[in-house]
Structures are given as structure tokens and as C-alpha cells.
Amino acid sequence: MDVSIMQPYLFPYIGYFQMINCSDYFVIADDVQFIRKGWINRNRILLNGEPLLITLPLNRDSSFLDINKRNFVMQSDPRGRRAFLNKIVNSYRKAPEFKLIYPLIEVIVNFSNNNVAEFLTNSIKEICVFLDIETEILIESSFLLSPELDYQDSVIYVCKELKAKRYINSIGGMDLYSKRKFAENGIELKFIKTRETLEYRQFYYQFVPNLSIIDVMMFNPRDRIKAMLTEYDLVEGHN
């Protein structure tokens, strides 16, 4: 049984969906502190061959609140929603899959619940349905974790609750986890690394990697993306 746990991100890059696809359970960590200038309410798309940062604006709240306590402002001020969608149109209207993908993006962005965790969970699930990813998606706050647990111990607790034999994490978290401690709990620790050979044509520009899944979907037919979901390696941790 393979388990992965990640914060919810706004239209994350393909490596995020590779991790979902290779897991039996994917747990959305909605009960951790919101990180400013991360990927929770923003991501990058391609405009004229260069990365462009796109953002959905948030209500003004304490920066110490958890993700599931934050809200987007789109209900009271829809300008942020319109600006976001306009940037997608301006960037990709001539992309080969635009007519198929833009309506999906529009439906996701117009989701009526502005709670950040609910909105992002819905968007991730919608894209998984489109890509035929059948992994069961769970919500971390439903596990009622003790606030006394540090993040690594919380991950181990969730893995044991789900009877995981292996925990798979993003390659960016390699320094955060102890291979020894997971082994002591009967869990193998692996990190997923997207292959550098994963490229596709972005109009006539030089390839820009690690953009939002929006970019991947705009330039590639669904069957090609499903093949991309297997273009990764699982690597060992350092400690």
C-alpha cells in the first residue's frame, strides 16, 4: 500500500500528479499552516516563451492560519477570477488543446466554495478525473491528528492508519524525513523525481519545465499526458 501526503496547490506541476497516480491513497494536508509565496494560491504558466506567475487573491487574514481556515476573495470580488482566466486565454488561445482544456479550467475556477482547501481539493480531483487517475484522495484533517505531533510523526501516524508499506514524497522534501525513523515504523521511504527527459512542444519556444499542469494540458493530448504520468523515478532518501 503506497501513500503520499502533500499540501494542496493551485494547478500544480505534473510531478504532483505523478505522485498522486503512483499512490493508492493521496492525502491532502489541509490542516497545516498556509505558506506565503508558495504554490497554494499561485503557479506559473507560459506567456511568449517566458514563465508568468498567476495568482488567485486571498482574503486578508492572519498568516498563522491553517490552509483550511483561509479563503479566496472571489465571491465578494470576482475581478481576481476574471483576471486569472484572462491570463489563461491570452497565454494559450492558440495552443492545440485550448478548446478542450479551457472549459475545464473555467469550471474549476468558478467553483462556488471559496475556502482554500475545499477549492483546491476540488480542482485536484477534477483534473484527476480528466486524466483517469483513480487514486483515492483523502483529507488530512479527517484524521484528527494530535497538535503535539511534529510533521514527520504526523505523516507516520497517517501512514500507519492507512496500513501503508511505503510512503512517497516529493523530491523537494528529501531533507525533511528520516529513512531510519520510517523503517522503525515498518514503512519504506521513497521520493519521486520527474525525469529530466520529460519535454513537450510549447509553440516554437525553448522548453520551460515545471510549469503548471495547465501548460501540460494545453499542449498535449490526454493519452500523452497519461504516459507522462509514468515518467518518473523513485529514489532513496539521504538519511
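Count Ala, Val, Leu, Ile, Met, Phe, Trp, Tyr, Cys and Pro as nonpolar, Asp, Glu, Lys and Arg as charged, and the others, Gly among them, as polar. On that split, the lining of the largest pocket comes out at 14 nonpolar, 8 polar and 1 charged. Bear in mind that this is a predicted model.

The pocket itself holds about 510 Å³ of space. Its lining takes in 23 residues, and M6, Y9, W39, S170 and G172 sit nearest the centre. Two or more lining residues come from each of β1 (2-6), α1 (14-21), β3 (42-47) and β6 (166-170), with α1 giving the most, at 3 residues.

Now for the charges. The model has 9 salt bridges, including these:

| Pair | Closest N and O atoms |
|---|---|
| R166 and D2 | 2.8 Å |
| E236 and K179 | 3.0 Å |
| K190 and E236 | 2.8 Å |

R166 in strand β6 and D2 in strand β1 are 164 residues apart, so to speak distant parts of the chain. D2 is buried because its relative accessibility is 12%, under the 20% cut-off. R166, at 22%, is partly exposed.

E236, in the segment after β8 (232-235), turns up twice in the table. One partner is K179 in helix α6, 57 residues away; the other is K190 in strand β7, 46 residues away. K190 is buried at 11%, whereas E236 is partly exposed at 38%. Add E188 and you have a salt-bridge network of K179, E188, K190 and E236.

Last stop: T197, in the loop between β7 (188-194) and α7 (213-219). With a relative accessible area of 66%, T197 is exposed.

Technical notes: Residues numbered from 1 in each chain as written. Predicted model: local features only at pLDDT ≥ 70, side-chain atom pairs only at ≥ 80, totals over all residues. Heavy atoms only, no water. 1 Å grid on protein atoms, 1.4 Å probe; cavity = no way out; pocket = protein on both sides within 12 Å on 5 of 7 lines; lining within 4 Å. Points joined across faces, edges and corners; volume = space filled by probe spheres on them. Helix = DSSP H or I, 4+ residues; strand = E, 2+ residues; numbered from the N terminus. Buried < 20%, exposed > 50% of the residue type's maximum accessible area, 1.4 Å probe, protein only. Salt bridge = Lys/Arg side-chain N within 4 Å of Asp/Glu carboxyl O.
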